[in-house]
Amino acid sequence: MSQQLPEEWFVRDSRINAAISWLLVIALVVVAITALFELLFVRMALAALAAFVAIAPALVSRAWTRTVPWPLLLICTIPLSVGGIGLSFLADFVTGLSIAALGMLVVVSLQLTGRVRMTPNFAVFFVVLATLATAGFWAVGSAVSSQYLGTVFVETNDDLMMIFTAATLAGFVAGGLFRGYFRHRLRANLDRIGGEGVSA
Amino acid sequence: MSSRTKVLVSGRTQAALVRLLQLMMVVLLGIGLYVGDASIMTNATIGLLVTQLPAVLERKYEITMNVGLVLWITLAMSLHALGTVPLPGLDFESLYGATWWWDHMTHALSSSLVVGSAYAITRAFQEHTEHLHMGPKFTLVYLLIFVMAFGVFWELIEFYVAIGAQVLGIPRVLTQYGLDDTVLDLVYNSIGGLLVAIFGTTYLIGISDQLRGRLESGSTDR
């Protein structure tokens, strides 16, 4: 897999997909603005980031129909409806998967804007790292916030370790899924072009 | 001429320091064996093994680390090993237990090694293939993500090693002190990593180029 991650794997160009995606983006912007007024900054950042990565292909190519697949975008918005971290192991795991999906879309957006180039394998590696790191940054941020702003944070180290475990599992599962998908796409490309030009 | 001799001398002093710190870890291992403490034994042994790594890389892959890098690795490992040993000056408490800052210092030092390795390896890959490229700003973000992810993973290892030790009824070799400590570990990891990411990368270019050389000769062999 020594080629650049093709952004096209994460961009659809169809009117129906674009219409649903744009509706989701409008909803995300509304969520981001209300979160801003309620001073829920993590929620705001998450919604804004999801909205941005959804329309990044459209902005870059100046064609409104080019957006990310709406089911993937929907997966990215799961943490916004879960309502918090540490409620249940399964919810944390799903949140982790969702963060990984968002991480991959961020990579795709960065590639589209020309800031960064990644190979498919490195993108997978990066997304797994980003999922684990998000759990870490969340822990540090929440600890500081509970100390100074009186917000809620987990009570015991064991609770935090369960959240980390869920995030780590989710990171590796998501990484495995992405890797499987990439291999599938590469093989499909090879079959179509007859083994030329893809593995260069 | 004079500046060159100075570098040579300081290089020799650094090499002597490395030997001294390795000797200290051998002594610590001896103490661990003598008092029958599994934690001291394990940590001193791992420390000694890791400090052999530069020599192994040299012998097997012809990758030469300069003595400053070797000293950096040895210092991080030996200070960690030293921290686990009960010391007479501290009423036979370990430095990890007796001071509030030893744990933070070793976390920052060890994670600086992690980020250093990550930078050297990632840069080698970037130079090796045109399909991987990250600008300086994104590299900083990447290294910060790397050190935080590694920290989370490390805390999980500590946690499950302790659980495993409990289940099997063997003494634990790694310790978690509680929620606040875990969060502080992550903060100090990031500080150590950030310092390397900002100030340390120039010192790693040499080793990174050698790694890239290995990558290149590896791909022509095939």
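Trainee: Which helix gives the most to the lining of the largest pocket?

Mentor: In this predicted model, H6(A) gives the most, with 11 residues. A residue counts as lining when it has an atom within 4 Å of a pocket point, and 11 residues of H6(A) are in the lining.

Trainee: What makes the lining of the largest pocket a feature of chain A together with chain B?

Mentor: The helices that each supply at least two lining residues are H2 (41-61), H4 (78-82), H5 (89-112), H6 (120-148) and H7 (157-193) of chain A, together with H7 (136-168) of chain B. The volume of the largest pocket is about 1700 Å³. It is lined by 48 residues, and the closest to its centre are Val42(A), Arg43(A), Leu46(A), Ile85(A) and Trp138(A).

Trainee: How are the lining residues of the largest pocket divided into nonpolar, polar and charged?

Mentor: There are 32 nonpolar, 12 polar and 4 charged residues. Trp counts as nonpolar and Arg as charged, so by that rule Trp138(A) and Arg43(A), both among the residues closest to the centre, fall into those respective classes.

Trainee: Which residues lie nearest the centre of the second largest pocket?

Mentor: They are Val50(B), Met77(B), Ser110(B), Leu113(B) and Val114(B), out of 42 lining residues. This pocket holds about 1200 Å³ of space. H6(B) gives the most to its lining, with 11 residues. By class the lining has 24 nonpolar, 16 polar and 2 charged residues.

Trainee: How do you know that chain A and chain B are in contact?

Mentor: Contact requires heavy atoms within 4.5 Å, and 35 residues of chain A meet 27 residues of chain B on that basis. The two chains bury about 2600 Å² between them, with 80% of it on carbon and sulfur atoms. Arg117(A), Asn157(A) and Met161(A) supply 20% of the area that chain A buries against chain B, more than any other three residues.

Trainee: How many salt bridges and polar contacts are there between chain A and chain B?

Mentor: The rule finds 0 salt bridges across the interface. Polar contact is present in 6 residue pairs, both residues being at pLDDT 80 or more. On the side of chain A that touches chain B, strand S3 (116-117), H6 and H7 each give two or more residues. H6(A) has the largest share there, 12 residues. That side comprises 22 nonpolar, 9 polar and 4 charged residues.

Trainee: Why is the pairing of Glu8(A) with Arg66(A) called a salt bridge?

Mentor: The closest N and O atoms are 3.2 Å apart. The cut-off is 4 Å, so the pair qualifies as a salt bridge. Glu8(A) lies in the segment before strand S1 (12-13) of chain A and Arg66(A) in strand S2 (residues 66-67), so the pair ties together parts that are 58 residues apart in sequence. Over all chains, the structure holds 3 salt bridges.

Notes. Residues numbered from 1 in each chain as written. Chains lettered and ligands numbered in written order. Predicted model: local features only at pLDDT ≥ 70, side-chain atom pairs only at ≥ 80, totals over all residues. Heavy atoms only, no water. 1 Å grid on protein atoms, 1.4 Å probe; cavity = no way out; pocket = protein on both sides within 12 Å on 5 of 7 lines; lining within 4 Å. Points joined across faces, edges and corners; volume = space filled by probe spheres on them. Helix = DSSP H or I, 4+ residues; strand = E, 2+ residues; numbered from the N terminus. Buried area = accessible area lost by both parts, 1.4 Å probe. Salt bridge = Lys/Arg side-chain N within 4 Å of Asp/Glu carboxyl O. Polar contact = N/O pair within 3.5 Å; in protein donor to acceptor, adjacent residues only side chain to side chain.
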